[in-house]
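Student: Before the discussion begins, may the sequence and the model be displayed? I should like to examine how the helices pack and where the nonpolar residues gather.

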Amino acid sequence: MRISDIQRCEVRPGRLVEWTFSPATVEAAAVLPPDPRPPAYIQESHIRTARSVREDGLFVPTWLGAAFDLPGAADLDALERALRGWTLRHETLRSGFRWADEEMHRFTLGEDDVSLHREEVGDFADTTCLIRYLQDRFDVAADALGWPNLIYAAVVREDSTSVYMAFDHTNVDAYSLQRIPAEIGELYTADVTGRPVTGTPPGSYVDFCELERTSADGIDDTHAIVERWREFIRRCDGRLPAFPVDLGLRPGAPLPTQRLLCEPLVDADAAAAFEEYCRPYGGSLVGVLAATGLIVHELGGTPVYRTVVPFHTRLKSAWSDSVGWYVGGAPIEVPAARDFDGALATVRAELRDNRSLARIPLARVLRLLGADFRPTSPDMYSIVSYVDARPTAGSAHWAGQNAYGLIRVSYGDQVCAWVNRLHEGLWLACRYPDTQVAYKNVRLYAEALRDLILSVPAPARLRVAEPAFL
């Protein structure tokens, strides 16, 4: 799906309806005994970071979401049944956490205790007012430090119905969001047509959390993976890596607001040519990282591009269709290369040697290293992510459905970039600090990335030129 924020996902006026967990469901959750399955390290780190930033006096919304259209004025009863059925399918959505002193404990509702409350909010004739309402509502309803921390909404019109779903990040990753339009669409269509829903229930992310944590807790600070992270962080001057260009940030300044760049990068033909050129080295992921290494060397003069590459941790088929936060990170180091082919070869070797490091959660590694990173930002490090979304069920229909993956752009001092391969080509989204310097350099990065992708297969040394409007 195209990644966007709520302001740029084609919101249109209509009658707004919301669904949240019912009061009876919230009351049932309040008296549940602890679920012995622990949070994933990535969940715990996210919630502790949110609490730390909140204690510093800043409310930083970090929810993720999905938006897509259904044809016509939706049957709201059928849509409600589809939303509830989908919620029951994925156990993490009915699971949450409570604090006991400094420890987090899980609770999980049974399926029979889950019901939705529907509220008719009213008609919105003005798009700006509707966008402002949705963002403010999602900020509160999908808060990392609250529970429930999800909300569903629909904007109903005669010709179409736009569905919006927002979640705290503990429950979803990008792949989870990509599956939503097809899954909800299938459940809704089956209900209104009377057809049965087929398929095998997906594995539970809550079960995965327990398995992953047990495995991670089985290593100590002498483990080879921990030692490799120790050396990587040492070479980053004792920190996790930031995007190595000037962002116009002042040391010790408050956490800045952020902006979002999101736009098509290249069309399908150019994306296919880039993939073909990079395939001997491992494909477009390698190509995007190699290109980034060249570009940041030109923009910032850094001799070595260091970053943490996100990888999914859905290593068993049971997790393939599961909603959850199945993401780990692997560190790579890319010295400045003479040309694109040299950078490709280096990135391929780095990913081959280091990808296995993503299997141990970074939060566990940092704990073993004794690294007391008191979080002051929702992003621990900068990322450049690449995902080929075309194999996802229903992806061929996303353009016609106005389907988007939503991110909340609020505060942060890092650069986080996502490159998604869609049927229409490559789509770029980049969240960055709202400074003039960061705007200029992120714009330069995007233009240079586009130029390099369009330049293959002709070998040429990269040249970064400022856009004419700067």
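Student: At what angle do the axes of helix α9 and helix α13 cross, and which class of packing follows?

Tutor: In this predicted model, helix α9 spans residues 284-300 and helix α13 spans residues 436-455. Their axes come within 10 Å and cross at roughly 135°. An angle over 145 degrees would count as roughly antiparallel, and one of 65 to 115 as roughly perpendicular. The crossing angle therefore makes α9 oblique to α13.

Student: Is the crossing of α9 with α13 left-handed or right-handed, and how many charged residues does the contact have?

Tutor: α9 passes α13 in a right-handed crossing. From α9, the residues A291, T292, L294, I295 and L299 meet N441, L444, Y445, A448, L449 and L452 of α13. By class, this contact of α9 with α13 has nine nonpolar residues and two polar ones, and the number of charged residues is none.

Student: How is helix α8 oriented relative to helix α10?

Tutor: Helix α8 (residues 268-278) packs against helix α10 (residues 340-354) with the axes 11 Å apart and at an angle of about 65°. Angles of 65 to 115 degrees count as roughly perpendicular. The orientation of α8 to α10 is therefore roughly perpendicular.

Student: Which residues of α10 are met by α8, and how does the contact divide by class?

Tutor: On the α8 side, the residues are F274, Y277 and C278. Those of α10 are F340, D341 and L344. The division of the contact of α8 with α10 is five nonpolar, no polar and one charged.

Student: Which helix gives the most to the largest nonpolar core?

Tutor: The largest nonpolar core has 69 residues, and those with the most contacts inside it are L79, W86, Y152, M165 and F167. With seven residues, the helix that gives the most to this core is α3, residues 76-89.

Student: Which residues does W86 touch beyond four places away in sequence, and how many residues has the second core?

Tutor: W86 touches L93, Y152, M165, F167, I180, E183, I184, L187 and V323, leaving aside residues up to four places away in sequence. A second core is separate and includes A271, V286, L294 and A343. The size of that second core is 52 residues.

Student: Is P23 buried or exposed?

Tutor: P23 lies in helix α1, residues 23-30. P23 has 53% relative accessibility, and the class over 50% is exposed. P23 is therefore exposed.

Student: How far apart in space are P23 and L255?

Tutor: In sequence, P23 and L255 are 232 residues apart. In space, their separation, C-alpha to C-alpha, is 36 Å.

Terms used: Residues numbered from 1 in each chain as written. Predicted model: local features only at pLDDT ≥ 70, side-chain atom pairs only at ≥ 80, totals over all residues. Heavy atoms only, no water. Axes fitted to C-alpha atoms, helices over the stretch in contact; angles between N-to-C directions. Helix = DSSP H or I, 4+ residues; strand = E, 2+ residues; numbered from the N terminus. Parallel < 35°, antiparallel > 145°, perpendicular 65-115°, else oblique. Left-handed = near helix turned anticlockwise from the far one by under 90°. Contact = heavy atoms within 4.5 Å. Nonpolar A, V, L, I, M, F, W, Y, C, P; charged D, E, K, R; others polar. Core = buried A, V, L, I, M, F, W, Y, C linked by side-chain atoms within 4.5 Å. Buried < 20%, exposed > 50% of the residue type's maximum accessible area, 1.4 Å probe, protein only.
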